[in-house]
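Colleague: I would like to go through part of this model with you, one question at a time. Please give the reasoning before each answer.

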Amino acid sequence: MKKIFFYLSILFCFQLHAQDVTSTPRNIILILTEGIGVGQLSLATAGYHVKNILDTFDHSALLKTSSADNMVTDKAASATAIATGKKTKNGFIGMDANNHYATNLFDQARKKEMGTAFITTSSLTAPFSASFLTHRINKSTDEDIAEEI
């Protein structure tokens, strides 16, 4: 059960305020999980007679992925697609499928002089985390990724 709540704590979501769609959001919080779906979400609260906080959001989404070179997406390619909006090859971190630098959410925020933060229960050099913070054609070593971050 502890593992399920761990996954819930890092679930991918954007909370949009439908009542005022013309205003610019002050803050955006992006929460990501690896390998969680409707079944895991349902199981997390089954039998506890509690409402899942995620059920209170106005919007939710499911995401199906494939990388540019494989039907099965690895962590680097899936996170790069989320961070940059560009499909890439397995093993690529922050690069598009043509080996070009792909601007990610953090790059865009820094250009606009916005504050950013990245919190993880994993390592910052893990492929899923690194895809938001660095740009590599391959997963490289933790030391190489850490140096770039």
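Colleague: In which helix is T84 found?
Modeller: This is a predicted model, and the assignment is taken from it. The helix in question covers residues 75–84. T84 is found in α3.

Colleague: Is T84 buried or exposed?
Modeller: A residue counts as buried when its relative accessible area is under 20%. T84 has a value of 14%, so it falls under that cut-off. T84 is buried.

Colleague: Which backbone nitrogen does the side chain of T84 reach?
Modeller: On one side, a polar atom of the T84 side chain lies 2.6 Å from the backbone oxygen of T80. The side chain of T84 also reaches a backbone nitrogen, at 3.1 Å. That nitrogen belongs to K86.

Colleague: Leaving out residues up to four places away in sequence, which residues does T84 touch?
Modeller: Contact here means heavy atoms within 4.5 Å. With the sequence neighbours left out, the residues T84 touches are A102, T103 and N104.

Colleague: How many of the 10 residues of α3 are buried?
Modeller: The buried residues of α3 are A76, A77, S78, A79, T80, A83 and T84. They pack against α4 and α5. The helix is largely enclosed by the rest of the structure because so many of its residues are buried. The count is seven.

Colleague: What phi does G85 take, just after α3?
Modeller: G85 is in the loop between α3 and α4. The sign of its phi is positive. The value is about 80°.

Colleague: Is G85 buried or exposed?
Modeller: The cut-off for exposed is over 50% relative accessible area. G85 has 65%, so it passes that cut-off. G85 is exposed.

Colleague: How far apart in space are G85 and L105, C-alpha to C-alpha?
Modeller: L105 begins α4, which runs over 105–111. In sequence, G85 and L105 are 20 residues apart. In space, their C-alpha atoms are separated by 9.1 Å.

Colleague: Which residue forms a salt bridge with R110?
Modeller: The structure holds one salt bridge. Its two residues both lie in α4, three residues apart, about one turn of the helix. The closest N and O atoms are 3.3 Å apart, and the partner of R110 is D107.

Colleague: What is the relative accessibility of D107?
Modeller: R110, at 43%, counts as partly exposed. D107 counts as buried, since buried means under 20%. The value for D107 is 9%.

Notes: Residues numbered from 1 in each chain as written. Predicted model: local features only at pLDDT ≥ 70, side-chain atom pairs only at ≥ 80, totals over all residues. Heavy atoms only, no water. Helix = DSSP H or I, 4+ residues; strand = E, 2+ residues; numbered from the N terminus. Buried < 20%, exposed > 50% of the residue type's maximum accessible area, 1.4 Å probe, protein only. Polar contact = N/O pair within 3.5 Å; in protein donor to acceptor, adjacent residues only side chain to side chain. Salt bridge = Lys/Arg side-chain N within 4 Å of Asp/Glu carboxyl O.
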